[in-house]
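User: Please take a close look at a single helix in this model and explain how it sits among its surroundings. I am a first-year student, so plain wording would help.

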Amino acid sequence: MTSPVRLVPVLFGALVLHQSLFVTLRIGDAHPQLMLLVAVAGGLLAGSERGALIGFAAGMLADLFVETPLGLSALTFALVGFVVGSAQTGIVHTAWWISPLTALVASFTGVVLYGLLGALIGQAHFVSLHLLVLAGGVGAMNAVLAAPVVRVMGWALGGSDEKAYAR
Amino acid sequence: MAVYRRTSRPRFTLLLLVLTAVTLLTLDERSNGLGVVDAARDGARDLFAPVKEAADATFSPVVDFLDGALHHGDLKAENERLRDQLSEREATVLRAADAEREREALLDLAELDFVGDIPAVAARVVLTPASGFDVTLRIDKGRDAGIAKGMPVVSGGGLVGRVIDVSRKRATVRLVTDSSSSVGVRISSTGDLAVAAGRGTGSTLRVDLVDPATEVAKGEIVVTSGLQNSAFPPGIPVGKVVAANTAAGALQQDVTIEPVVDLRRITFVKVLLWGPVE
């Protein structure tokens with residue numbers, strides 16, 4: 001069962017790490033998107049419903065500290081958490097490469113989705129060729145960080161081996 | 001035993017979350033910087049700032065190490081460039097002193113304002129852009145220090161941006177690279193007027209309205225024009241020309257500049273306590 005007692009400090013810890021450490025680790029314009037990775041890990045470990053809830057919470061926290069429209073990260077990360085959770089149903093989570101690969105694909109998709117949703121609500125400049133470069137950079141860096149983040153999220157979700165199978 | 005069943009509950013939950021997010025987006029759009037959404041944002045940032053400062057201090061050795069590792073090539077190139085610049089400066093320092101006297105005399109004569117006389121507030125950057133789409137900085141001074149919306153923000157090298165939001169102890173600065181930012185500029189060698197516009201994501205600016213006949217050299221500095229009602233005082237370096245081309249039959253040149261200030265690694269800024277001259 002999801003334990004908010006662990007999940008809440010993990011979300012705030014991720015926010016602090018993101019703001020103080022990861023935003024400075026830039027290659028080009030891209031840096032790891034820890035809050036998006038938390039949403040991906042949530043979907044991966046806890047299924048579609050809780051993945052969406054964790055994604056929404058992570059996105060809301062991220063939204064408070066950027067000047068882009070409030071709710072855009074929450075919407076995007078909730079969708080990413082939901083889709084990852086849905087796609088993971090029935091997958092056997094033994095291979096080591098599943099979480100990095102999922103993080104790579106989901107983070108890339110998440111950044112592109114963020115750009116497209118942003119464009120839909122009037123931020124037309126979010127969509128350009130640069131968006132794909134940015135998404136690729138974020139995807140690659142999140143893939144590197146996937147294993148430890150999934151481990152921490154596993155602990156936060158109460159040793160979540162139950163995964164999404166009952167959803 | 002695990003129960004394998006699919007219900008519509010996850011989709012219903014997602015629908016609720018989407019509706020909540022859309023409501024927040026609408027409120028944010030409608031509030032236009034004045035509503036409860038912005039107050040919540042400001043409150044959260046002010047509350048978080050001490051934690052962020054403590055975390056910054058804790059992680060700074062790690063950040064410095066990783067920054068050095070990730071940007072070793074950049075730092076080496078920057079060292080080379082700075083060495084070149086230093087030798088050039090040494091050669092021009094005597095001429096500069098003379099030119100400065102001449103410039104001051106001209107400014108006195110024309111009663112022009114210049115940046116050096118404008119009162120300024122030094123501030124530390126407490127939040128750098130936290131996503132590739134966010135082109136703002138958060139600084140540790142606000143209304144209490146005399147900062148108001150619209151004030152220009154500079155750093156050692158030149159223009160950084162403009163204050164777009166102020167709380168008592170914090171202010172948000174929109175960088176010149178933001179797509180909604182446009183700055184009236186003057187090309188330093190020719191004096192031609194133009195407009196430098198940000199591109200949003202990415203780190204260069206587009207300069208519009210440059211006559212195809214104007215000679216624009218790579219490396220040339222573009223400064224704020226400071227015309228009447230301009231949002232910035234005159235003479236602040238904005239960027240350095242990195243490309244200038246004219247397509248056949250075009251009515252203007254395609255000029256690209258990169259900011260003189262490294263906006264990705266900015267630590268301290270100065271807010272000019274200045275408003276447009278009517």
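Analyst: Helix α2 of chain A covers residues 34–63, which is 30 residues. At 1.5 Å a residue, a straight helix of that length would reach 44 Å, but the end C-alpha atoms of α2 in chain A are only 13 Å apart. The model is predicted, and this distance is computed from it. Where does α2(A) kink? The kink is centred on Gly47(A) and amounts to about 145°.

Next, the surroundings of the helix. A residue counts as buried here if 20 or more other C-beta atoms lie within 10 Å of its own. By that rule 30 of the 30 residues of α2(A) are buried, so the helix is largely enclosed by the rest of the structure.

The helix also has a part in the contact between the chains. In that contact, 44 residues of chain A meet 44 residues of chain B. On the side of chain A that touches chain B, at least two residues come from each of α1 (4–20), α2, α3 (72–88), α4 (98–120) and α5 (129–156). The most is given by α2(A), with six residues. Sorted by class, this side of chain A holds 27 nonpolar, 12 polar and five charged residues.

The partner, chain B, has three helices and 12 strands. Of its 278 residues, 31% are buried. Among contacts in chain B with a separation of 6 or more, 56% join residues 24 or more positions apart.

To return to the helix: α2(A) is kinked around Gly47(A), is largely enclosed, and gives six residues to the side of chain A that touches chain B.

Methods: Residues are numbered from 1 along each chain as its sequence is written. Chains are lettered from A and ligands numbered from 1 in the order in which they are written. This is a predicted model: local features need pLDDT of at least 70, side-chain atom pairs count only at pLDDT 80 or more; totals for chains, interfaces and linings use all residues. Helices (H or I, at least four residues) and strands (E, at least two) are DSSP runs, numbered from the N terminus. The expected span of a helix is 1.5 Å times one less than its number of residues. The bend at a residue is the angle between axes fitted to the seven residues ending there and the seven starting there. A residue is buried if 20 or more other C-beta atoms lie within 10 Å of its own, exposed if 12 or fewer, and partly exposed in between; C-beta atoms are placed from the backbone. Two residues are in contact if their C-beta atoms, placed from the backbone, lie within 7 Å. Ala, Val, Leu, Ile, Met, Phe, Trp, Tyr, Cys and Pro count as nonpolar, Asp, Glu, Lys and Arg as charged, and the others, Gly among them, as polar.
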